[in-house]
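Biologist: Got a minute to walk me through this model? I'd like to start with the ligand.
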Amino acid sequence: MLQNLCQKMFRRSLWVYHANSGGCNGCDIEVLNVLTPYYDVERFGIKLVASPRHADVMLCQGPAMRSTAQALRRAYEAMPSPKLVFAVGSCAGGGGLWYDTYSVLGPVETVIPVHYYIPGCPPRPEAILYGVALALGLVDKQVAATRIGHAAFPVPRYHPEDLRPEGGLAIYQRQEKI
Ligand code: SF4
């Protein structure tokens, strides 16, 4: 349904605003890579713009940080409707490695609504292109959804409070296909 809406709303060119709310720049480099002549995303009508006021889509990188949350929210509100948000990378999609650190609020969706997630740390330029093309209905979906579940991890990470009584550590890992 979201894909149909996307195709209806953005039938022609897609103007993109690139927002980094606290990532390590790994995802930024890959997003900029997509815009280079090598990948040439402009052939799909996708164009980078300097202001959120001109953008249809916001590409977010990095987790939502205490220090940048307000600016991110303001940039989102400055975009004209209809608008879409893509969370690019593990940090934007789930907080990444930093999800429980003192300066991080969590994934980008804790501050602004997110419509599409492109996973990876960082996602390859092909994955970013594929995610955007999929949203626009230019390609068919070719990956199966996976369910994430808890599993015991035997190596202590960084704090005794993260350990279970028996000494195991709870982390997330891929379990099964749905
Ligand atoms: S997902 Fe990985 S590459 Fe992207 S901002 Fe986070 S740590 Fe950096």
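Modeller: Sure. Quick definition up front: helices (H or I, at least four residues) and strands (E, at least two) are DSSP runs, numbered from the N terminus. This is a predicted model, where local features need pLDDT of at least 70, side-chain atom pairs count only at pLDDT 80 or more, and totals for chains, interfaces and linings use all residues. Residues are numbered from 1 along each chain as its sequence is written.

Biologist: OK, which helices each supply at least two residues of the shell around the ligand?

Modeller: H2 and H4 do. The residues surrounding the ligand include Cys24, Cys27, Cys91 and Cys121, along with Gly23, Gly26, Gln61 and Pro122. To be on that list, a residue needs its C-beta atom, placed from the backbone, within 6 Å of the ligand.

Biologist: And how many charged residues does that shell have?

Modeller: It has no charged residues, with five nonpolar and seven polar ones. Here Ala, Val, Leu, Ile, Met, Phe, Trp, Tyr, Cys and Pro count as nonpolar, Asp, Glu, Lys and Arg as charged, and the others, Gly among them, as polar.

Biologist: You mentioned Pro122. What kind of peptide bond joins cysteine 121 and proline 122?

Modeller: A cis one, with omega about -10°. Proline 122 is in the loop between strand E7 (116-118) and H5. The bond from serine 81 to proline 82 is cis too, omega near -5°, and proline 82 sits in the loop between H3 and E5.

Biologist: Why flag those?

Modeller: Because most peptide bonds are trans, and most residues other than glycine have a negative phi.

Biologist: On phi, then: which sign does it have at asparagine 25, positive or negative?

Modeller: Positive, about 85°, although asparagine 25 is not a glycine. Asparagine 25 lies in the loop between E1 and H2. Aspartate 40 has a positive phi as well, about 50°, in the loop between H2 and strand E2 (46-48).

Biologist: New topic: which residues touch the most other members of the largest nonpolar core?

Modeller: Among them are Val57, Met58, Leu72 and Phe86, in a core of 37 residues. The largest share, five residues, comes from E5. A nonpolar core is a set of buried Ala, Val, Leu, Ile, Met, Phe, Trp, Tyr and Cys residues joined through C-beta atoms within 7 Å. Buried means 20 or more other C-beta atoms within 10 Å of its own, exposed 12 or fewer, and partly exposed in between, with C-beta atoms placed from the backbone.
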